[in-house]
Amino acid sequence: MTEILYFPSADACYLREFDGRIVERGPDHVVLDRTLFYAEGGGQPWDTGVLRWDGGEAKVHKVTKEKGVVKHYVDRMPERDEVHGIVDWGRRYAHMRYHTSQHLMSGVVWKIYGARTVGNQLYTDRARVDFQPANFTPEDLKRIEDECNRAIAEALPVTISEEDRVKIENEIGDRSLVDLIPKHITRLRVVKVGDRDYTPCGGTHLRTASEIGRVRILERRSKGKETDRITYVLESPQE
Ligand SMILES: [Zn+2]
């Protein structure tokens, strides 16, 4: 298992550099004892960055996670076991903004329409979320956008905690996809966006919704089976 350094709190998601030790070497990747690099999962793409050692540097161009082991794919093999990792912050921070806004939108849509989030994918410059059952009108989209932006204006705090699985199942079992998480996992990392959303997630998130900026919905597309896909972009807080 790799120790995941951004796991404990929203503040930890803002760490950009760390020291780690290589515990395993593959032909094109290394495993560290601890990491800040996000491995692709839950609709959030992997982090990129570098691993530095005394006398050299390797680029990390892809990160995956299998059974708790995080693999950092590198363009050259580090010559030392002790490395200093640096995450590409622009890319990571964009993912944090989109991921937190996705949670917010999922919470808003659940509260107003009772539609569950059945899929999502985020990028550095846009995101899409699939809702079911849903058949949104242009007025609905305007309302979803307005409700998201209202929550952002309220600067809702984002908190991350670890909770008992049973508690989560009782409180939000219906709307979340807790049943998809392997049964042997009894403690879950939960992300809360003020009073708007509360859901198990392993992603990296903002400390406050105000850093999201502004949500602008681009389009709604029907994906059949009462499923609607909403695609949106974020405008920076200063724009
Ligand atoms: Zn998430």
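This passage walks through two sheets, a pair of helices and a few notable loop residues of a predicted model.

Because the model is predicted, local features are reported where pLDDT is at least 70, side-chain atom pairs count only at pLDDT 80 or more, and totals for chains, interfaces and linings use all residues. Residues are numbered from 1 along each chain as its sequence is written. Helices (H or I, at least four residues) and strands (E, at least two) are DSSP runs, numbered from the N terminus.

A good place to start is the sheet of 4 strands, which is open and has the order β9-β10-β15-β14 with antiparallel pairing; two strands are said to pair if DSSP finds at least two bridges between them. In general, strands of a sheet pair through backbone hydrogen bonds, either parallel or antiparallel. At the edges of this sheet are β9 (116–122) and β14 (214–222), each of which pairs on one side only. From one strand to the next, the twist averages 25 degrees; axes are lines fitted to C-alpha atoms, for helices over the stretch in contact, and angles run from 0 to 180 degrees between N-to-C directions. Strands β10 (residues 127–132) and β15 (residues 228–235) run antiparallel and are joined by 5 bridges. Here D130 stands opposite R229 in β15.

Two loops linked to this sheet deserve a look. The peptide bond from Q132 to P133 is cis, with omega near -5 degrees, and P133 sits in the loop between β10 and α2. The loop between β14 and β15 holds K225, a residue other than glycine whose phi is nonetheless positive, near 45 degrees. K225 counts as exposed because it has 8 C-beta neighbours inside 10 Å (a residue is buried if 20 or more other C-beta atoms lie within 10 Å of its own, exposed if 12 or fewer, and partly exposed in between, with C-beta atoms placed from the backbone).

Turning to the helices, the axes of α1 (residues 89–113) and α2 (residues 138–153) come within 10 Å and cross at roughly 120 degrees. The two helices are therefore oblique to each other (angles under 35 degrees count as roughly parallel, over 145 as roughly antiparallel, 65 to 115 as roughly perpendicular and the rest as oblique). The contact involves S101, L104, M105, V108, V109 and I112 of α1, together with R143, I144, E147, C148 and A151 of α2; residues are in contact if their C-beta atoms, placed from the backbone, lie within 7 Å. After α2, in the loop leading to β11 (158–164), comes A155. A155 is not a glycine, yet its phi is positive at about 50 degrees. With 13 C-beta neighbours inside 10 Å, A155 counts as partly exposed.

The other sheet is open too, with 3 antiparallel strands in the order β11-β12-β13. Its edges are β11 and β13 (197–200), each with a single partner strand, so one side of each has no neighbour in the sheet. On average, neighbouring strands are turned by 25 degrees against each other, direction ignored. Between β12 and β13, which run antiparallel, there are 4 bridges, and V190 has P200 in β13 as its bridge partner. Helix α3 packs on the sheet, touching β11, β12 and β13, and its direction makes about 115 degrees with that of β11.

Finally, I181 lies in the loop between α3 (165–172) and β12 (187–193). I181 counts as partly exposed, with 14 C-beta neighbours inside 10 Å. Although I181 and P200 are 19 residues apart along the chain, their C-alpha atoms are separated by 9.6 Å.

Conventions: Two residues are in contact if their C-beta atoms, placed from the backbone, lie within 7 Å.
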